[in-house]
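Welcome! Take a moment to look over the structure below, then try the exercises at your own pace.

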There are 2 protein chains.
Amino acid sequence: MLSTNEFQRLTSIKVRKYRELHRLFLVEGIKQVSEGINSRIKCEIIVISTKVINTFSEILRLAKESNVRCEALNEKDFERISETVKSQGIIGFFRIPKDSGVNFTSNNLIYLDRINDPGNMGTIIRTADWFGYRNILISPGCVDIYNPKVVRSTMGSIFRMNFQQEVTVDELKLLRREGYRILTTELSGKSLNSILFGKKNVVIMSSESHGVLPELSAISDGSIKILGEEGAESLNVGVAMGIILNKIFELESSNNE
Amino acid sequence: MLSTNEFQRLTSIKVRKYRELHRLFLVEGIKQVSEGINSRIKCEIIVISTKVINTFSEILRLAKESNVRCEALNEKDFERISETVKSQGIIGFFRIPKDSGVNFTSNNLIYLDRINDPGNMGTIIRTADWFGYRNILISPGCVDIYNPKVVRSTMGSIFRMNFQQEVTVDELKLLRREGYRILTTELSGKSLNSILFGKKNVVIMSSESHGVLPELSAISDGSIKILGEEGAESLNVGVAMGIILNKIFELESSNNE
C-alpha cells in the first residue's frame, strides 16, 4: 500500500517543479510502461487501478521479475495521479536519468531551439530515434522533455535517448570548433539538395513561433529551406526535421555502399 | 446582437453532428480568421469577446469590407462558444464547402485511410498544402476534417484545400484504371528510393494504430518503407507523409529542369 506521503509525491509528478525535485517522470499505458521496464531507465514503482488489475497479469509478472514495486489504487485515487482522460489504468514512475553531457563522439547531433509545444517535442524525439539520432541537445526555454504529454507522444522513444539540457550557444560554438557543421532551418535558406553536410553535423530545429535565434543564425554553416509550392505558410517542425534527417540518412547510406 | 437561437446554434458547432446539420465550422484566433475571410470559403459570422474587442480594429475593418457580420459577446458567453482554453477572443464561423468530387485532373492525390487523431490530421493537411497537394481524399472512419482541433493544427491550410470525403476502395480502383499509381506506406515495403512513381500517384497514408487496410494493400502498385535505424518503432504518419511528398516534389522538380 502507498503511504499518504508516497501518494502525494506521485500525484505531484505532473508538475515540472516536482519532477525535478523528486527526479521522477510518469509514463501511462501498458505498452510504454513495459518498454520502460525493459529499458536502461529505472522504474521506481508501478501503480495500477483496481478496476482493471486483472487484465495486467503479464506486466505484473514482468515487474516482479525486474524487482519493480507494484501498488494497486482504487479508481478515484488512480484518477488523481493519472494525466489522461481515458487512462488504461496503469502508470509507471521512472527515474529521470542524469543529463548525458554533450557527446563529442556522435557524428550527428540535434539541437532543439525553444521548442515549446509538447506534441511537437514528442514527435521530434520519436523521429530522431527512427533515424538513429540518440543524442539530443536542448536549449533553454524548451518544454520539459519529461512533461507527460511529451513522454506520451514519443511512443516509447524517450527510453532510448540521451539528453543534454540547457545547452547554450557558446557550447555549440565549442562543437563547431570540434569540427561539427552547424545547420539551421530557415525560410530564407537554401534548398535541402544544395546543402553540404559534413561528417559531423548539428541539425538545429527552431520553434515555429519564434523562428531561429539570431545568435544561432550567426554561427550557422548552412541554412536549410525545404522547397514547396507557393501559398502555404510553413511546415510543422517535426515534419521538417523528418525530411532533413531522412536526407542525411540517405546520403550516408549511399556513401557506405 | 445574437438571438438565443443563434447563440445556441453557434455553441453546437463544436459537435460533429451539428457541424454537419448547419454546414458550419469554427476557426479561432486572429490570424486564421483573417486568412479565412480572405479565402474562397464564406465566413458567416465573427464573434468577438467584449474583453478584447478594442484590439481587433483591423479585422473588424476587414470584416466590414467583406460584408461579414460581427457580433460582440460578453466573456462568459464567449467562453461557451470557444473551444480553446487560452482563446484570443475571436472566432469565425465558416460555411463547410461542398465536397470537391474525386479530381481526375490532379496529378497527385492523397488518400487518408482511417486517420483518427485530430493533431495528425491537421499536420497532414498542412504538409499536403506545403507540397501543393490541394486535393485530398478521405476514407470512411477518419476524424472529421472540420473538427476544431484539426482546423487549428492546419494553421490556415484548411482554407486552401479541396476534400472528397467517404471515398471507398472501389473509387480508388477507378482511379487506378484511369492511370494512377496507388502507393501505400508499410513497414514491409521497399525503400523510398527504389519506388517507381508514376506521372499520376495516389499516396495512401494509413493510421499508425490500424495499419494499412488489407483491401488497399491488395491494390497497391508500390509499398513504401522509410528506412531508419534498428530499434525505433515507427514514424509519425504526418512525418512519414512529409518525407514521401518531399521525395516526389524533388523528383518532379528535377524532371522539369
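Three short exercises follow, each with a worked solution, and the model they use is a predicted one.

**Exercise 1.** Work out how chain B is placed relative to chain A.

*Solution.* Start with the superposition: a turn of 180 degrees and a shift of 0.0 Å along the axis lay chain B on chain A, with an RMSD of 0.0 Å. This is the relation of a two-fold axis. Next, check the surfaces: 100% of the contact residues of chain B recur in chain A, so the same surface serves both copies.

**Exercise 2.** Describe the interface of chain B and chain A, from its contacts to a salt bridge.

*Solution.* Begin with the contacts, where 35 residues of chain B meet 35 residues of chain A. Then turn to area: the two chains bury about 3000 Å² between them, and 54% of this is on carbon and sulfur atoms. On the side of chain B, Arg126(B), Trp130(B) and Glu233(B) supply 25% of the area buried against chain A, more than any other three residues. Finally, look for charged pairs: four salt bridges are found across the interface. Among them, Arg126(B) pairs with Glu208(A), their closest N and O atoms being 2.5 Å apart.

**Exercise 3.** Find what lines the second largest pocket.

*Solution.* First, note the volume of this pocket, about 460 Å³. Its lining has 21 residues, and Asn107(A), Asn108(A), Lys199(A), Ile248(A) and Glu252(A) lie nearest the centre. Now sort the lining by class: eight residues are nonpolar, nine polar and four charged. Last, locate helix H10 of chain A, residues 237–256, which gives the most to the lining, with seven residues.

Technical notes:
Residues are numbered from 1 along each chain as its sequence is written. Chains are lettered from A and ligands numbered from 1 in the order in which they are written. This is a predicted model: local features need pLDDT of at least 70, side-chain atom pairs count only at pLDDT 80 or more; totals for chains, interfaces and linings use all residues. Side-chain values use heavy atoms; hydrogens and water are left out. On a 1 Å grid over the protein atoms alone, a cavity is a set of points where a 1.4 Å probe fits but cannot get out, and a pocket is an open set with protein on both sides within 12 Å along at least five of seven lines; lining residues have an atom within 4 Å of a point. Grid points are joined across faces, edges and corners, and a volume is the space filled by probe spheres set on the points. Helices (H or I, at least four residues) and strands (E, at least two) are DSSP runs, numbered from the N terminus. Ala, Val, Leu, Ile, Met, Phe, Trp, Tyr, Cys and Pro count as nonpolar, Asp, Glu, Lys and Arg as charged, and the others, Gly among them, as polar. Copies are superposed by least squares on the C-alpha atoms of residues with pLDDT of at least 70 in both. Contact means heavy atoms within 4.5 Å. Buried area is the accessible area (1.4 Å probe) that two parts lose on being put together, summed over both. A salt bridge is a side-chain nitrogen of Lys or Arg within 4 Å of a carboxyl oxygen of Asp or Glu.
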